[in-house]
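Biologist: Let's go through this model together. I will ask, and you show the reasoning.

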Amino acid sequence: MAIKAAGRGAIPPFYVMDVMLRAGRRQRTHGDVLHLEVGQPSTAAPAKVIAAARAALAGDVLGYTDAYGLMALRERISDHYAAEYGVSADPRRIAVTTGSSGAFILSFLAAFEAGDRVVCATPGYPAYRNILQALGVEVVIVESGPETNYQPTPALLDAVEGSLDGLIVASPSNPAGTMIDGKDLDALADYCRKRGMRLISDEIYHGITYAAPAETALSYDETCIVVNSFSKYFSMTGWRLGWMVVPEDLLRSVECLAQNLFISPPTLSQLACVAAFDSRDELDANVARYAENRKLLLRELPKAGFDKLASADGAFYIYADVSGMTTGMTTDSLALCGQILDQTGVAITPGVDFDPRRGNRFVRFSFSGSTEDMAQAAERLIAWRKS
Ligand SMILES: Cc1ncc(COP(=O)(O)O)c(C=O)c1O
């Protein structure tokens with residue numbers, strides 16, 4: 001008799017992995033790949049964090065911690081909210097998690113029942129949709145475009161039929177790098193509160209902004225769940241540490257879920273991360289490089305025909321509408337990315353991961369690499385466009 005397999009894993013793959021595979025092949029045959037497809041910093045963790053990790057390895061047994069994490073780290077995170085945003089986040093409400101990815105699993109399990117209806121805006125980070133789907137939550141897609149700065153608005157939510165149970169927002173966002181200002185965040189929080197919808201705010205790209213600093217949803221709503229991570233601004237993707245600010249009504253359920261699902265977040269990373277908040281100079285130097293890369297690409301990409309670009313006010317991404325690009329090019333962005341990789345060695349990401357319906361018209365450039373790589377990539381793309 002056939003053994004049953006659950007349908008939960010039948011969620012979409014990450015197409016960017018295919019691009020990375022192709023980029024790896026190209027590197028082996030040509031040795032010339034410029035990586036503008038990767039969604040992570042190209043730098044190491046801050047020196048103080050690495051030193052703290054070495055000391056912990058030498059002197060600590062590295063056992064489990066509380067499910068919510070080490071109090072010393074939770075206090076540092078709480079101080080960060082006071083210093084950065086002028087908002088109070090009691091350490092009791094801070095749960096350290098296995099990356100923001102761990103925080104999403106805990107948030108979605110604690111906030112939503114199977115069959116609930118939760119809004120995810122597209123273009124957006126695909127894991128929100130895919131984790132919700134795996135948990136049996138109905139994903140309601142709201143399509144946003146340049147008219148709303150690629151972000152959801154109360155008007156877009158109003159156009160959705162039927163009742164809603166939650167909304168996921170990200171500011172700055174991936175892939176568009178666009179932000180929601182305080183007034184609009186307040187309006188979205190208010191919209192959710194009045195309708196009994198749980199707001200989940202992904203703030204993983206906070207600290208990487210180019211005009212105004214990012215606003216936390218915590219300033220506007222005590223009932224929302226705020227998710228953040230050491231992966232991006234803190235340059236620590238592989239350390240797998242993030243955090244969430246948990247609303248009072250979910251404190252115990254998140255704790256029980258965390259105990260059973262993870263026991264505790266990685267202890268070595270927690271001990272090291274206590275030093276992360278003392279590393280601002282090093283981390284801000286990374287942001288200064290991203291800012292330079294951004295300026296360069298926003299200036300040069302239009303010369304290569306990529307002239308419909310999202311505002312890229314934060315994160316390290318530029319999202320380009322390639323539907324108007326003609327001359328033998330296609331509106332199949334997966335094929336376009338393959339063609340660009342084969343002909344130039346520049347690896348970029350097709351929009352299909354971020355927007356199931358319209359992503360075939362978009363590509364994403366990541367500028368987290370070196371400025372030299374960005375300049376070379378722009379040169380090659382301009383030459384390719386002319387050829
Ligand atoms: C918007 C967004 N949220 C969350 C994540 C997950 O990050 P992590 O689990 O490393 O914290 C990513 C990773 O690229 C992302 O772009």
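Biologist: What is the strand order of the open sheet of three strands?

Modeller: Bear in mind that this is a predicted model. The pairing in this open sheet is antiparallel. Its three strands come in the order 9-12-11.

Biologist: Which strands stand at the edges of the sheet, and why is one side of each left without a neighbour?

Modeller: Each edge strand has a single partner strand, so one side lacks a neighbour in the sheet. The edge strands are strand 9 (317–321) and strand 11 (349–350).

Biologist: Which residue in strand 12 stands opposite threonine 349?

Modeller: Strand 12 covers residues 362–366 and runs antiparallel to strand 11. Two bridges join the pair. Opposite threonine 349 stands arginine 364.

Biologist: Now the ligand. Where does the ligand sit, and how many residues surround it?

Modeller: The ligand sits in the largest pocket. Among the residues around it, the closest are Ser101, Asp202, Ser229, Ser231 and Lys232. The number of surrounding residues is 14.

Biologist: How many residues of each class does the shell around the ligand have?

Modeller: The shell holds nonpolar, polar and charged residues. The counts are five nonpolar, six polar and three charged.

Biologist: Which helix gives the largest share of the shell?

Modeller: That share is four residues. They come from the helix spanning residues 99–111, which is helix 4.

Biologist: What is the distance from a polar side-chain atom of serine 101 to an oxygen atom of the ligand, and what percentage of the ligand's exposed area does the protein bury?

Modeller: In serine 229, a side-chain N or O atom is 2.7 Å from a ligand oxygen. Arginine 240 has a polar side-chain atom 2.8 Å from a ligand oxygen. For serine 101 the distance is 2.5 Å. Taken alone, the ligand exposes 400 Å², and the buried part of that is 92%.

Biologist: Which peptide bonds are cis?

Modeller: Most peptide bonds are trans. One cis bond has omega near 0° and leads into proline 123, in the loop between strand 3 (117–122) and helix 5 (126–134). Another has omega near -5° and leads into proline 172, in the loop between strand 5 (166–170) and helix 7 (182–194). The bonds are threonine 122 to proline 123, and serine 171 to proline 172.

Biologist: What is the phi of leucine 62?

Modeller: Most residues other than glycine have a negative phi. Leucine 62 lies in the loop between helix 2 (47–59) and helix 3 (71–85). It is not a glycine, yet its phi is positive, at about 55°.

Terms used
Residues are numbered from 1 along each chain as its sequence is written. This is a predicted model: local features need pLDDT of at least 70, side-chain atom pairs count only at pLDDT 80 or more; totals for chains, interfaces and linings use all residues. Side-chain values use heavy atoms; hydrogens and water are left out. A residue is near a molecule or strand if one of its heavy atoms lies within 4 Å of it. A polar contact is a pair of N or O atoms within 3.5 Å; within protein, one must be able to donate a hydrogen and the other to accept it, and residues adjacent in sequence count only if both atoms are side-chain atoms. Accessible areas come from the Shrake-Rupley method with a 1.4 Å probe; for residues, only the protein chains shown count as cover. On a 1 Å grid over the protein atoms alone, a cavity is a set of points where a 1.4 Å probe fits but cannot get out, and a pocket is an open set with protein on both sides within 12 Å along at least five of seven lines; lining residues have an atom within 4 Å of a point. A molecule sits in a cavity or pocket if more than half of its atoms lie within 2 Å of its grid points. Ala, Val, Leu, Ile, Met, Phe, Trp, Tyr, Cys and Pro count as nonpolar, Asp, Glu, Lys and Arg as charged, and the others, Gly among them, as polar. Two strands pair if DSSP finds at least two bridges between them.
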